[in-house]
Amino acid sequence: MLKTSPPKWADRFLEWYCNPALLEHIQGDIHELYQRSLRARNGRMADCLFIWNVFRFFRWSNIKRSRKNSSSSFMMYKNYFTVFKRGFVKQKGYSFLNIFGLAIGIACFLLISLYVRDEYSFDRMHAKADRIYRVHEIFESDGVGERSASLPFPVAEALQNDHESQILKYVRFFNLQAPVLPLATIDNTKEFHEARLFFTDSTFFDVFDFRILKGDTKSALSKTNSIVLTESMARKYFGDEDPMGKYLRFHGNTNLLVTGVLEDVPANTHFQFDFLVSFQTLKAFYDGAFPTSWHWNPCWTYLLLKDRESAAPLEAAMPAFVQKYFPEFIRNDISLKLFPLTDIHLKSHMDYEIQPNSSLTTVYVFVSIAVFVLLIACINFVNLSTARATKRAKEVGMRKTLGGQRAQLITQFLFESMMLCLLSVLIAILIVAIALPAFNSLTEKNIPITILLERYFLGLLILLPLSVGVISGAYPAFVLSSFKPITALKSTINQERGATFRKALVIVQFSLSIILLIGTGVAIDQLDMLQQSDTGFTRKNIIMIPVTRSPIAKNYESLKAEFLRNPNTLSVTGVEEILGAKHQVGSFLFEGLTESRPFPRLNTRHDFIKTFDIPLVAGRDYSEDIVTDDSLALMVNEQFVKQMGWKSNEEALGKTFDQRSNRVIIGVVKDFNFTSRHQPIRPLVLDLNTTERGFEIRIKYLAVKISGKDIPETISWMQQQWKAQIPGWPFQYFFLENNLENLYKAENKMSKITLIFSGLSILVACLGLFGLSTFTAEQRKKEMSIRKVLGGSDTEIFMLFSKRFFLLILISNLVAFPLAYILMKQWLATFAYQVNIDFTLFLFAALAAVGIAFITICYQALRAAHTNPAEVLKNE
Amino acid sequence: MDEIEKQAGRNMNISAVHAVLTRLEDKGFVTSKMGDPTQERGGRRKRIFLLTASGKRALEEVNELRNQLFNQIPKVALQFKLV
């Protein structure tokens, strides 16, 4: 067959791009040339030439101009706005529902993003924050030991000496390991126990950027016996007077000169303090020089590195450093790690943190909740808009007939959805402003409303309506603009377009809400279990009295005797840390070990297990009659026996320690949770300490078990006895169970917040369901009326109406259950003690969802069942 | 296009010709009208360009300018002798 026509695709390409006015003669010309070249040469050359010409003609002047008429676009938007306003006013109910649902979703999103941003902003106010690292010490063998955030005194200086090129400065914090320290004005008119007093190096201001109001950062902490305090502390001790140059009496015997006043420490730092005392002052406490022990690790140590890249090589040099300086018996169990300052708040979960930190998982959970709620709100929006699409069919038909292009229609509907979103955002901001104080108290933060004016949030606020508007509005826009004019104008079609898609969306909505509900339920369960379940020792009715460094040493026995005289005081003992919250670690060399190993340890006084009702499973308790108990005897717990590989508790009795045959284990106690239930029970050594010096650092608290009767009287009686024995030292106390609740503060907060937000998400989902059902009721008015006329009973109509929605909820449940299960298992894995996921919870959540949905639909279903058919059908 | 090929020996692309003619038309030097459809072009009409009076004048001006410039070249510059 002879080739007579040029390649079709090139031709079509030309037709596509070419301006119609020029198309005819251009196309004609190249066809003519084609024929000529066909005659002159062969077909292939002609083809090539043709294609070449087509591409050569692809010039700006030949290309189709878009048909948009830009001059009238301003007027068009004005028209869109007018139409939007009219539509809004005409259907106030729906529009309001739509906006309100979206506003709630956006408000939740905003609140959570405020929270997350605050969490991420911790410690970033320091200019050198990216070069500041904290050194952590991990002292472990066989997985038992401590992961400490604090180090021995000499480490910092030795590090800087050895690695001068990398470490610019170091700062240490030390608070005598005392929970509170006493401070008073020089004339003793005001005296308080301060919990946030720290000793720190003079390089403090070189590393951290806290604003100083009075005084000079270079010299404020360089001399011995100087103290720097915050504004509110200055007011507390000195009223309105200028504190500079005045003295404060520390510990009843040391006068500290005030050399500076700082601005109050902002909430978003991982450690908060009220007082800083110069490090040199400590020398007086330790006989003229800093402690040189490489074993005792009480100082939080921060390093300012030359640059970020120095961190990795420095950390690599740590093992050698440890070998060089640390004493032989612990050298091989210690590793030092560098931890960036900005990561501490969210990621550091070491022992002996200055303050409890938040966790990254909580942040992730909140972010996912925020996204869920926003998604549900957007789905609402999409659903309602598409459902109402048919009402606007005529308008779309008219616009298309009068020359509107599809692009214009899409623009119109996107514009409308963006306007709705804008209104929602405005309402959301209002909701956030109102809810912020409550939210602040719930999350224990202090987020000011003005933070919304920050660049980041302004950007977010502008981006939100745009993106949510586009995402939520895209589908309805496309659906609406696709109406064919003829079918749209011909008759009022009540056919529901895109019903399946809407159903899918409702299923997604409700699944998300159900997952949130189940999640909340599991979180609450877990929290309950953590808090309530048996920790193995008594927590109720135990009063703890901080006694560190108080002059109780000489009077302990007499004080104890006096306390016990009251019939309501059942038992008195002393303990190293708050039982159930914290413990210390000590190195012990037991029979069967080649070198001493770190073990969790608690120093106690007599009657420890009696006070806390800890059962003794083998051997005997420490006895006041046996004087040598405090140096020749030790008690351990069951887990310890297991860890050492001894076959029974009885076998443990008589095992020696410290390589002396007269030092033996005398008793084994039942396992109890001496630290929070975030961790499993580890081996424990209970060490009796009856020395007077013990009160300086080993025994921090007195624990008094009371009977629970006449508590106020018992306490005031104890206070009297205290005053009599130890005058000049304020009596402070707290209940053990109150304190232990704080262990689970993070989970508590989280469960409260998830509860509120899942409630909100169900609310939003139901708003959507309500709107949808209202709409469907209207749509199917005629159908229902006809059914009634033909003899359908009220109940039948009701069931018919509700059935389709119930099916959707049922499917949502089925979808949600496995997903919720998987997510919950993952979250629970972060806990050492996990609650069993209760399946009745799933059932309960399902019922709750069905119930709430039922109530929502009920109203509409009833109305549909009770409409007078005559009213509806009279126009037919 | 064919003439240039025949006389000057160089190829011209049809789209270049179109572009030039369109520019000349915008300047008013040529006018165009649609010719008759032919079989060879698949039934499409051809655009026929005709010179206008101002076009003729422009041509003459250009030609005149060119000659003027050429005449100003000194004879000496045009003589190439082997030295």
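**Close-up 1. What helix H6 of chain A packs against in this predicted model.** The buried residues of H6(A) sit against strands S1 (132–141), S3 (167–174) and S12 (300–305), plus helix H11 (318–325), all from chain A. Which residues of H6(A), the helix spanning 155–162, are the buried ones? They are A:Val155, A:Ala156 and A:Leu159. These residues take up an arc of only 95 degrees around the axis, which puts them on the same side of H6(A). As a reminder, an α-helix has 3.6 residues a turn, so residues three or four places apart point the same way.

**Close-up 2. Helices H19 and H30 of chain A cross.** Here we're looking at H19(A) (residues 499–532) and H30(A) (residues 794–828), whose axes come within 7 Å and cross at roughly 40 degrees. The two helices are therefore oblique to each other, and their crossing is right-handed. On the H19(A) side, the residues that meet H30(A) include A:Val506, A:Ile507, A:Phe510, A:Ile514 and A:Ile518. Their counterparts in H30(A) include A:Leu808, A:Ile811, A:Val815, A:Leu819 and A:Leu823. A few others to pick out in this contact are A:Lys503, A:Ser511, A:Gly519 and A:Gln526 from H19(A), along with A:Ser812 and A:Asn813 from H30(A). Sorted by class, the contact has 17 nonpolar, five polar and one charged residues.

**Close-up 3. H30 of chain A also packs with helix H31.** The partner this time is H31(A), residues 839–866, and the axes are 9 Å apart at an angle of about 155 degrees. That angle makes H30(A) roughly antiparallel to H31(A), and the crossing is right-handed. From H30(A), look for A:Ile797, A:Phe798, A:Phe801, A:Phe805 and A:Phe817, among others. They're part of a contact with H31(A) that includes A:Phe842, A:Val850, A:Ile857 and A:Leu862, as well as alanines such as A:Ala846, A:Ala849 and A:Ala853. By class, this contact has 16 nonpolar, three polar and one charged residues. Two residues of H30(A), A:Ile809 and A:Asn813, turn up in the contact with H31(A) and also in the one with H19(A).

**Close-up 4. Where chain A touches chain B.** The contact draws 16 residues from chain A and 13 residues from chain B. On the chain A side, helices H2 (20–40) and H3 (43–56) each supply at least two residues. H2(A) gives the most, with 11 residues. The chain A side divides into four nonpolar, seven polar and five charged residues.

**Close-up 5. Two aspartates of chain A with positive phi.** A:Asp607 has a phi of about 70 degrees, even though it isn't a glycine, and sits in the loop between strand S17 (597–604) and helix H21 (608–612). A:Asp613 has a phi near 55 degrees and lies in the loop between H21 and strand S18 (616–619). Are these aspartates buried or partly exposed? A:Asp607 has 20 C-beta neighbours inside 10 Å, so it counts as buried. A:Asp613 has 15 inside 10 Å and therefore counts as partly exposed.

**Close-up 6. A:Glu353 in its loop.** This residue belongs to the loop between helix H13 (341–347) and helix H14 (360–387) of chain A. With 16 C-beta neighbours inside 10 Å, A:Glu353 counts as partly exposed. Apart from neighbours within four places in sequence, A:Glu353 is in contact with A:Ala149 and A:Ser348. A:Trp300 is 53 residues away in sequence but 8.5 Å away in space, going from C-alpha to C-alpha.

Conventions
Residues are numbered from 1 along each chain as its sequence is written. Chains are lettered from A and ligands numbered from 1 in the order in which they are written. This is a predicted model: local features need pLDDT of at least 70, side-chain atom pairs count only at pLDDT 80 or more; totals for chains, interfaces and linings use all residues. A residue is buried if 20 or more other C-beta atoms lie within 10 Å of its own, exposed if 12 or fewer, and partly exposed in between; C-beta atoms are placed from the backbone. Helices (H or I, at least four residues) and strands (E, at least two) are DSSP runs, numbered from the N terminus. The arc is that of the directions from the helix axis to the C-beta atoms. Two residues are in contact if their C-beta atoms, placed from the backbone, lie within 7 Å. Axes are lines fitted to C-alpha atoms, for helices over the stretch in contact, and angles run from 0 to 180 degrees between N-to-C directions. Angles under 35 degrees count as roughly parallel, over 145 as roughly antiparallel, 65 to 115 as roughly perpendicular and the rest as oblique. A crossing is left-handed if the near helix is turned anticlockwise from the far one by less than a right angle, and right-handed if clockwise. Ala, Val, Leu, Ile, Met, Phe, Trp, Tyr, Cys and Pro count as nonpolar, Asp, Glu, Lys and Arg as charged, and the others, Gly among them, as polar.
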